[in-house]
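I opened this structure to look at how its parts fit together, and I kept notes in the order in which I looked things up.

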Amino acid sequence: MRVLLIGANGYLGRYVADRLLADPAVQLTALGRGDDADVRFDLASGSPGALTRFLDAVHPGVVINCAGATRGGARELTRHNTVAVATVCEALRRSGCGARLVQIGCGAEYGPSQPGSSTAEDAVPRPGGPYGVSKLAATELVLGSGLDAVVLRVFSPAGPGTPAGSPLGRLAEAMRRAMQSGDGELKLGGLGAQRDFVDVRDVARAVHAASLSAAQGVINIGSGRAVRLRDAAVVLARVAGYGGALHELDGPPGPLRTSIGHPRPDPDHVAPVAYPYPDGCGSWQQADVRTARDRLGWRPRINLEESLADIWMEAACRI
C-alpha cells in the first residue's frame, strides 16, 4: 500500500510515520515544507494543480494529512488549517489516483460541552476560538468533497514530544524549574480545566487503522475520560519524584493570577495572561469513543500516567 503522509515532521505526524514504517506492507512517502521531507511542498501556498501532478506520478492508495497549525492569528490558522485542506481535496478530486483521505481533525471543533457529558460525533460543533473554527472548516471541506474520506477528531494528545506550549508541557516545565532551583513549593494556576487526554502513540494506531478501513465521516479519538489538570499535576509530581507542595491559585474564568509555567509568583502582582481555555473548549471536554471502537476496532492502550512519565523524562533531560 502506497501512503502519502503530509506533515510527517509534526507532533502527531512523527508517530504516524513511525507506525506506518513498522508495517512492511506500507510504502511511505512524506510530503512537507521541511528539507527532510521526501517531497517539499507548501499546502498553504502551493497550487492544487501542482499537487495533482505529484499524486498522479506517485499514485498513492491513501493520503494522510497530519499537517496544520495550532498557534497564530486567524489568518495564519486559516491558511494552514483550511486553505491547505482545500488544496488537498481539490488535488485529489482532479487526480486519477483514487486515493483515500485520512484527515486529522481535533476536539476543539466541538467547542465547550456540558460538564459530565461525553461528546459524540453527532454533536453540533460550536468552536469557541479561531483554531477550532479553522479545523471545523477543514472538516466540512473534506466531508463535502465527495472523496473516500474519514476525519479523525483527536482530542488532547499527550505523551513523548508533547509541545512545551501545551498545558501538560507547561506543567512539566514548571515542575522541572522548581526541582532545579530546589523550590519546595510550586504555585500554579489554570488547573481547573478537564480534558480528554489520549496518548500520541494511540493516535498513530488510530490513523493506521483508519487508513486500512472503509469508514467514512467523523470519528472521535480520545480516551473517553476527562481528567482535571490538577489531578494530572499530582500524577506528574509523583512520577517526577517532586516532594514539594502543589498550590493551585484559584480564580474565576478570565485572567488568572498566574499560569502554568510561572512558579513562585509575586502574590501582589497580577500577571497578564491569556484566557485560561485557549483551545476554546471551556472547562470540560470528554469524547464518546464508541464509534472508533465499532468502526476501527480501536481502543486506547496507554494510560495517562505512562504518557506523563514520558513527558517528564523529556523535561528531566533539560535539568
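**Strand 9 and its surroundings**

I began with strand 9 and found both of its faces covered: Q194, D196 and V198 on one side and R195, F197 and D199 on the other are all buried, where buried means under 20% relative accessible area with a 1.4 Å probe and protein chains only, exposed means over 50%, and partly exposed lies in between. In a regular strand the side chains alternate between the two faces of the sheet. I noted that this is a predicted model, in which local features need pLDDT of at least 70 and side-chain atom pairs count only at pLDDT 80 or more, while totals for chains, interfaces and linings use all residues. Residues are numbered from 1 along each chain as its sequence is written, and side-chain values use heavy atoms, with hydrogens and water left out.

Helices (H or I, at least four residues) and strands (E, at least two) are DSSP runs numbered from the N terminus, and I count nine helices and twelve strands in the protein.

**The sheet**

I next looked up the sheet, which is open, has three strands in the order 7-9-11, and shows mixed pairing; two strands pair if DSSP finds at least two bridges between them. Strand 7 (156-158) and strand 11 (226-228) each have a single partner strand and stand at the edges, so one side of each is left without a neighbour in the sheet. From one strand to the next the twist averages 55°, with axes fitted as lines to C-alpha atoms, for helices over the stretch in contact, and angles running from 0 to 180 degrees between N-to-C directions.

Strand 7 and strand 9 (residues 194-199) run parallel and are joined by three bridges; S156 has F197 as its bridge partner in strand 9, and A158 stands opposite D199. On strand 11, the pairing with strand 9 is antiparallel over three bridges, and R195 stands opposite V227 there.

**Strand 10**

I also checked strand 10 (residues 217-221), where four of the five residues are buried. Strand 10 pairs with strand 6 (residues 149-154) in the parallel sense over five bridges, and V154 has I221 as its bridge partner.

**Helix 7 and L168**

For helix 7 (residues 229-240) I compared the expected and modelled lengths: at 1.5 Å a residue its twelve residues should span 16 Å, and its end C-alpha atoms are 16 Å apart, which agrees; the expected span is 1.5 Å times one less than the number of residues. The buried residues of helix 7 pack against helix 5 (167-181), strand 9, strand 11, strand 12 (245-249) and helix 9 (304-316), contact meaning heavy atoms within 4.5 Å. Just after helix 7, G241 takes a positive phi of about 75°.

Is L168, in helix 5, buried or exposed? At 2% relative accessibility, L168 counts as buried. Leaving aside neighbours within four places in sequence, L168 is in contact with residues including F197, L229 and L308. L168 and L308 are 140 residues apart along the chain, yet their C-alpha atoms are separated by 8.0 Å.

**The whole protein**

Last, I looked at the protein as a whole, in which 52% of the 319 residues count as buried. Among contacts between residues at least 6 apart in sequence, 80% join residues at least 24 apart. Along its principal axes the C-alpha trace spans about 65 × 35 × 35 Å.
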